[in-house]
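Here is a short, friendly report on the charged side chains in this protein and how they pair up. Keep the sequence and the 3D view open as you read.

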Amino acid sequence: ITPVRHTKNSGKVFDYYQRLQPRPYQDVPVRVIDLDDETLSRLGQWPWPRTLVARLVTRLSDLGVSAIVFDIVFAEPDRTSPGTVVKFWPTGQESEALKSRARTLQDHEKILAKAFRSANVVVGFTVVPEANDKVPAAKLHFAYSGDSPLSYVPDYPGAVVNLPILEEAAAGNGSFSFMAERDGVVRRAPLIVRRGNVLLPSLALEALRVGQGADSIMVKAVGASGETSYGEHTGIVAVKVGQFVIPTDPFGRIWVHFAPREPRRTIPAWKILEGDVPKADLEGAIAFVGTSAMGLMDLRVTPTDPVAPGVEVHAN
(Lines give C-alpha, C1' and ligand atoms only; values in the text may rest on other atoms or scores of the structure.)
Protein backbone atom coordinates (compact mmCIF):
# COMPACT_ATOMS: atom_id res chain seq x y z
CA ILE A 1 0.00 0.00 0.00
CA THR A 2 1.24 3.50 -0.77
CA PRO A 3 2.06 5.26 2.54
CA VAL A 4 -0.65 7.62 3.79
CA ARG A 5 -0.45 10.61 6.09
CA HIS A 6 -1.55 9.62 9.59
CA THR A 7 -4.23 11.79 11.20
CA LYS A 8 -6.43 11.37 14.25
CA ASN A 9 -9.13 9.50 12.32
CA SER A 10 -7.03 7.90 9.58
CA GLY A 11 -6.63 4.67 11.55
CA LYS A 12 -10.37 4.07 11.72
CA VAL A 13 -10.76 4.98 8.06
CA PHE A 14 -7.90 2.59 7.22
CA ASP A 15 -9.66 -0.18 9.18
CA TYR A 16 -12.93 0.46 7.35
CA TYR A 17 -11.29 0.16 3.94
CA GLN A 18 -9.41 -2.97 5.03
CA ARG A 19 -12.63 -4.67 6.06
CA LEU A 20 -14.41 -3.41 2.95
CA GLN A 21 -11.69 -4.67 0.62
CA PRO A 22 -9.10 -6.91 2.27
CA ARG A 23 -6.18 -7.96 0.12
CA PRO A 24 -7.26 -11.00 -1.94
CA TYR A 25 -5.27 -14.08 -1.00
CA GLN A 26 -2.68 -15.02 -3.60
CA ASP A 27 -0.79 -18.30 -3.37
CA VAL A 28 2.62 -16.64 -3.17
CA PRO A 29 5.51 -18.69 -1.71
CA VAL A 30 4.99 -17.66 1.92
CA ARG A 31 3.89 -20.18 4.55
CA VAL A 32 3.24 -20.15 8.30
CA ILE A 33 4.49 -23.19 10.19
CA ASP A 34 2.14 -23.09 13.15
CA LEU A 35 2.95 -24.26 16.65
CA ASP A 36 -0.78 -24.61 17.16
CA ASP A 37 -2.66 -26.24 20.03
CA GLU A 38 -2.79 -29.62 18.29
CA THR A 39 0.97 -29.55 17.67
CA LEU A 40 1.64 -28.79 21.34
CA SER A 41 -0.80 -31.52 22.38
CA ARG A 42 0.97 -34.07 20.16
CA LEU A 43 4.59 -33.07 20.77
CA GLY A 44 4.68 -31.32 24.13
CA GLN A 45 4.34 -27.82 25.48
CA TRP A 46 6.61 -24.95 24.47
CA PRO A 47 9.52 -24.41 24.92
CA TRP A 48 10.56 -27.58 23.16
CA PRO A 49 13.95 -29.23 23.59
CA ARG A 50 16.27 -27.64 21.03
CA THR A 51 16.81 -31.11 19.55
CA LEU A 52 13.15 -31.13 18.46
CA VAL A 53 13.51 -27.61 17.02
CA ALA A 54 16.58 -28.88 15.13
CA ARG A 55 14.48 -31.71 13.66
CA LEU A 56 11.92 -29.14 12.48
CA VAL A 57 14.68 -27.04 10.84
CA THR A 58 16.20 -30.06 9.11
CA ARG A 59 12.82 -31.26 7.87
CA LEU A 60 11.91 -27.82 6.46
CA SER A 61 15.31 -27.57 4.79
CA ASP A 62 14.83 -31.01 3.23
CA LEU A 63 11.48 -29.82 1.87
CA GLY A 64 13.33 -27.11 -0.05
CA VAL A 65 12.19 -23.88 1.66
CA SER A 66 14.16 -20.76 0.74
CA ALA A 67 14.22 -19.43 4.31
CA ILE A 68 13.15 -20.66 7.75
CA VAL A 69 12.12 -17.65 9.83
CA PHE A 70 11.56 -17.84 13.58
CA ASP A 71 9.03 -15.49 15.16
CA ILE A 72 10.63 -16.71 18.38
CA VAL A 73 13.71 -15.71 20.37
CA PHE A 74 16.01 -18.37 21.85
CA ALA A 75 17.31 -16.18 24.67
CA GLU A 76 17.91 -18.81 27.36
CA PRO A 77 19.81 -22.11 27.35
CA ASP A 78 17.82 -25.32 26.93
CA ARG A 79 17.15 -26.72 30.41
CA THR A 80 16.86 -30.22 28.96
CA SER A 81 20.48 -30.24 27.71
CA PRO A 82 22.38 -33.11 29.36
CA GLY A 83 24.93 -30.85 31.04
CA THR A 84 22.15 -28.69 32.50
CA VAL A 85 19.53 -31.24 33.53
CA VAL A 86 22.01 -33.26 35.62
CA LYS A 87 22.28 -30.33 38.04
CA PHE A 88 18.78 -31.19 39.23
CA TRP A 89 19.46 -34.90 39.77
CA PRO A 90 19.93 -36.29 43.29
CA THR A 91 23.37 -37.06 44.65
CA GLY A 92 24.61 -40.61 45.13
CA GLN A 93 26.98 -43.13 43.61
CA GLU A 94 24.59 -44.29 40.88
CA SER A 95 23.57 -40.72 40.04
CA GLU A 96 27.18 -39.58 39.79
CA ALA A 97 27.93 -42.30 37.24
CA LEU A 98 24.94 -41.19 35.16
CA LYS A 99 25.95 -37.54 35.52
CA SER A 100 29.44 -38.29 34.23
CA ARG A 101 27.97 -40.06 31.21
CA ALA A 102 25.45 -37.27 30.57
CA ARG A 103 28.16 -34.61 30.57
CA THR A 104 29.81 -36.31 27.59
CA LEU A 105 26.67 -35.91 25.46
CA GLN A 106 26.37 -33.01 23.02
CA ASP A 107 24.81 -29.79 24.22
CA HIS A 108 21.39 -29.14 22.64
CA GLU A 109 22.37 -25.62 21.55
CA LYS A 110 25.23 -27.09 19.52
CA ILE A 111 22.83 -29.52 17.82
CA LEU A 112 20.46 -26.67 16.91
CA ALA A 113 23.33 -24.45 15.72
CA LYS A 114 24.50 -27.27 13.44
CA ALA A 115 20.99 -27.49 11.97
CA PHE A 116 20.95 -23.70 11.48
CA ARG A 117 24.23 -23.78 9.57
CA SER A 118 22.85 -26.43 7.22
CA ALA A 119 19.81 -24.31 6.33
CA ASN A 120 18.83 -20.70 5.54
CA VAL A 121 17.59 -19.68 8.99
CA VAL A 122 16.49 -16.23 10.16
CA VAL A 123 16.30 -15.84 13.92
CA GLY A 124 14.21 -13.17 15.61
CA PHE A 125 14.90 -10.64 18.34
CA THR A 126 12.88 -7.91 19.97
CA VAL A 127 13.79 -4.34 20.85
CA VAL A 128 12.61 -3.05 24.24
CA PRO A 129 12.28 0.34 25.96
CA GLU A 130 14.29 -0.80 29.00
CA ALA A 131 18.01 -0.11 28.72
CA ASN A 132 20.45 -3.04 28.62
CA ASP A 133 23.74 -3.94 26.94
CA LYS A 134 22.28 -6.36 24.37
CA VAL A 135 22.87 -5.47 20.70
CA PRO A 136 21.52 -7.90 18.06
CA ALA A 137 24.10 -9.05 15.51
CA ALA A 138 23.73 -7.49 12.07
CA LYS A 139 23.97 -10.21 9.41
CA LEU A 140 23.86 -7.87 6.42
CA HIS A 141 25.15 -4.62 4.97
CA PHE A 142 22.91 -1.54 4.79
CA ALA A 143 23.53 0.87 1.92
CA TYR A 144 22.18 4.42 2.10
CA SER A 145 20.94 6.66 -0.65
CA GLY A 146 20.37 10.25 0.47
CA ASP A 147 20.21 11.22 4.14
CA SER A 148 21.32 8.71 6.78
CA PRO A 149 18.28 6.76 8.00
CA LEU A 150 19.67 6.83 11.54
CA SER A 151 18.14 10.29 11.85
CA TYR A 152 14.63 8.94 11.27
CA VAL A 153 14.46 5.44 12.76
CA PRO A 154 13.54 5.44 16.49
CA ASP A 155 16.36 4.30 18.78
CA TYR A 156 15.60 1.58 21.34
CA PRO A 157 17.79 1.40 24.46
CA GLY A 158 17.59 -2.37 24.85
CA ALA A 159 16.94 -5.70 23.16
CA VAL A 160 16.24 -9.36 23.86
CA VAL A 161 18.58 -11.40 21.69
CA ASN A 162 19.32 -15.01 20.84
CA LEU A 163 22.08 -17.05 22.43
CA PRO A 164 25.37 -16.17 20.70
CA ILE A 165 25.93 -19.68 19.33
CA LEU A 166 22.52 -19.59 17.59
CA GLU A 167 22.79 -15.97 16.43
CA GLU A 168 26.17 -16.71 14.85
CA ALA A 169 24.91 -19.86 13.10
CA ALA A 170 21.88 -18.16 11.52
CA ALA A 171 21.94 -16.64 8.02
CA GLY A 172 19.76 -13.72 9.13
CA ASN A 173 18.59 -11.83 12.21
CA GLY A 174 15.47 -9.66 12.24
CA SER A 175 13.25 -7.79 14.67
CA PHE A 176 9.75 -9.11 15.29
CA SER A 177 8.78 -6.00 17.27
CA PHE A 178 5.94 -3.84 16.08
CA MET A 179 4.05 -1.14 17.93
CA ALA A 180 0.28 -1.15 18.00
CA GLU A 181 -1.55 2.17 17.65
CA ARG A 182 -3.00 3.85 20.74
CA ASP A 183 -6.20 1.85 20.34
CA GLY A 184 -4.23 -1.43 20.34
CA VAL A 185 -4.65 -2.18 16.62
CA VAL A 186 -1.62 -3.18 14.54
CA ARG A 187 -1.81 -1.25 11.27
CA ARG A 188 1.81 -0.38 10.54
CA ALA A 189 4.96 -2.47 10.68
CA PRO A 190 8.54 -1.15 10.78
CA LEU A 191 10.90 -2.49 8.11
CA ILE A 192 13.90 -1.13 10.03
CA VAL A 193 14.72 -0.77 13.71
CA ARG A 194 17.63 0.91 15.44
CA ARG A 195 19.71 -0.13 18.46
CA GLY A 196 22.09 2.74 19.16
CA ASN A 197 24.05 3.32 15.97
CA VAL A 198 23.22 -0.14 14.61
CA LEU A 199 20.50 -0.32 11.95
CA LEU A 200 18.70 -3.67 11.79
CA PRO A 201 15.99 -5.19 9.55
CA SER A 202 12.55 -6.37 10.55
CA LEU A 203 11.89 -10.10 10.55
CA ALA A 204 9.87 -9.87 7.32
CA LEU A 205 12.50 -7.76 5.55
CA GLU A 206 15.29 -10.11 6.62
CA ALA A 207 13.19 -13.06 5.41
CA LEU A 208 12.98 -11.44 1.97
CA ARG A 209 16.73 -10.83 1.93
CA VAL A 210 17.75 -14.34 2.97
CA GLY A 211 15.09 -15.95 0.79
CA GLN A 212 16.53 -14.17 -2.26
CA GLY A 213 20.17 -14.73 -1.32
CA ALA A 214 20.85 -10.97 -1.16
CA ASP A 215 23.64 -9.62 1.04
CA SER A 216 22.53 -5.99 1.45
CA ILE A 217 19.52 -3.72 1.84
CA MET A 218 19.28 -0.25 0.32
CA VAL A 219 17.52 2.52 2.27
CA LYS A 220 16.46 5.55 0.23
CA ALA A 221 15.80 8.81 2.06
CA VAL A 222 15.01 12.37 1.04
CA GLY A 223 18.13 13.85 -0.55
CA ALA A 224 18.64 10.81 -2.78
CA SER A 225 18.62 11.09 -6.55
CA GLY A 226 15.12 11.93 -7.72
CA GLU A 227 13.95 12.95 -4.26
CA THR A 228 13.86 16.51 -2.97
CA SER A 229 13.15 17.78 0.49
CA TYR A 230 12.96 21.49 -0.39
CA GLY A 231 15.35 22.19 2.45
CA GLU A 232 13.54 19.95 4.95
CA HIS A 233 14.54 16.61 6.44
CA THR A 234 11.42 14.57 5.77
CA GLY A 235 12.69 11.04 6.13
CA ILE A 236 12.86 7.64 4.47
CA VAL A 237 10.89 7.03 1.27
CA ALA A 238 11.69 3.43 0.29
CA VAL A 239 13.62 0.27 1.12
CA LYS A 240 15.03 -2.05 -1.56
CA VAL A 241 15.90 -5.68 -0.98
CA GLY A 242 16.74 -7.90 -3.94
CA GLN A 243 14.06 -7.40 -6.58
CA PHE A 244 11.62 -5.63 -4.24
CA VAL A 245 11.32 -1.84 -3.77
CA ILE A 246 9.00 -1.07 -0.85
CA PRO A 247 7.63 2.46 -0.28
CA THR A 248 7.63 3.47 3.40
CA ASP A 249 6.58 6.33 5.64
CA PRO A 250 9.34 8.73 6.84
CA PHE A 251 10.26 6.37 9.69
CA GLY A 252 10.70 3.27 7.54
CA ARG A 253 7.28 1.76 8.30
CA ILE A 254 4.63 0.33 5.99
CA TRP A 255 0.85 0.22 6.28
CA VAL A 256 0.00 -3.47 6.01
CA HIS A 257 -2.76 -4.50 3.60
CA PHE A 258 -4.08 -7.58 5.36
CA ALA A 259 -5.52 -10.62 3.65
CA PRO A 260 -8.03 -12.82 5.49
CA ARG A 261 -6.54 -15.80 7.26
CA GLU A 262 -6.20 -18.52 4.67
CA PRO A 263 -5.83 -22.24 5.57
CA ARG A 264 -3.65 -22.85 2.50
CA ARG A 265 -0.98 -20.51 3.93
CA THR A 266 -0.72 -22.31 7.29
CA ILE A 267 0.72 -25.75 8.03
CA PRO A 268 0.69 -27.21 11.56
CA ALA A 269 4.23 -27.98 12.70
CA TRP A 270 3.32 -31.55 13.65
CA LYS A 271 2.58 -32.34 10.02
CA ILE A 272 6.07 -31.20 9.04
CA LEU A 273 7.69 -33.37 11.69
CA GLU A 274 5.58 -36.41 10.85
CA GLY A 275 6.39 -36.14 7.14
CA ASP A 276 2.79 -35.42 6.20
CA VAL A 277 3.52 -32.50 3.81
CA PRO A 278 4.40 -32.88 0.10
CA LYS A 279 7.59 -31.13 -0.99
CA ALA A 280 5.62 -29.21 -3.64
CA ASP A 281 3.72 -27.38 -0.86
CA LEU A 282 6.90 -25.77 0.51
CA GLU A 283 9.66 -25.87 -2.09
CA GLY A 284 11.05 -22.36 -2.61
CA ALA A 285 8.79 -20.82 0.05
CA ILE A 286 9.64 -18.52 2.94
CA ALA A 287 8.45 -20.41 6.04
CA PHE A 288 7.60 -18.37 9.14
CA VAL A 289 7.62 -20.45 12.34
CA GLY A 290 5.25 -19.02 14.94
CA THR A 291 2.26 -19.86 17.09
CA SER A 292 -1.50 -19.50 17.15
CA ALA A 293 -1.80 -21.38 20.47
CA MET A 294 -3.94 -19.44 22.91
CA GLY A 295 -1.73 -20.31 25.86
CA LEU A 296 1.37 -18.71 24.34
CA MET A 297 -0.40 -15.34 24.03
CA ASP A 298 1.19 -14.12 20.78
CA LEU A 299 -2.13 -12.69 19.58
CA ARG A 300 -2.68 -9.26 18.01
CA VAL A 301 -5.58 -7.07 16.95
CA THR A 302 -5.51 -6.11 13.27
CA PRO A 303 -8.06 -4.19 11.18
CA THR A 304 -9.47 -7.50 9.88
CA ASP A 305 -8.97 -9.88 12.83
CA PRO A 306 -9.40 -9.28 16.60
CA VAL A 307 -7.26 -12.34 17.50
CA ALA A 308 -4.60 -12.63 14.80
CA PRO A 309 -1.44 -14.63 15.62
CA GLY A 310 1.56 -12.30 15.59
CA VAL A 311 3.25 -14.47 12.97
CA GLU A 312 0.38 -13.68 10.57
CA VAL A 313 1.35 -9.99 10.65
CA HIS A 314 4.89 -10.85 9.51
CA ALA A 315 3.55 -13.20 6.83
CA ASN A 316 1.17 -10.53 5.50
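## Salt bridges in the predicted model

Asp249 and Arg253 join their side chains in a salt bridge, with 2.7 Å from N to O. Please keep in mind that the model is predicted. The two partners sit in unlike surroundings: Asp249 is buried, at 5% relative accessibility, whereas Arg253 is partly exposed, at 25%. Asp249 gets the label buried because its 5% falls under the 20% cut-off.

How many salt bridges does the structure hold? The count is 15, and the pair you have just met is one of them. Two others are worth finding in your viewer. Arg264 meets Glu262 through their side chains, at 3.0 Å from N to O. Arg300 meets Asp298 in the same kind of contact, a salt bridge with an N to O distance of 3.5 Å.

The table gathers the accessibility of the residues in these two pairs.

| Residue | Relative accessibility | Class |
|---|---|---|
| Arg264 | 53% | exposed |
| Glu262 | 18% | buried |
| Arg300 | 30% | partly exposed |
| Asp298 | 17% | buried |

Is Arg264 buried or exposed? Arg264 counts as exposed because its 53% is over the 50% cut-off. Its partner Glu262, at 18%, is buried, since that value is under 20%. For the other pair, Arg300 at 30% lies between the cut-offs, so Arg300 is partly exposed, while Asp298 is buried at 17%.

Finally, take a look at a linked group. Lys12, Asp15, Asp183 and Arg187 are connected in a network of salt bridges.

How values were computed
Residues numbered from 1 in each chain as written. Predicted model: local features only at pLDDT ≥ 70, side-chain atom pairs only at ≥ 80, totals over all residues. Heavy atoms only, no water. Salt bridge = Lys/Arg side-chain N within 4 Å of Asp/Glu carboxyl O. Buried < 20%, exposed > 50% of the residue type's maximum accessible area, 1.4 Å probe, protein only.
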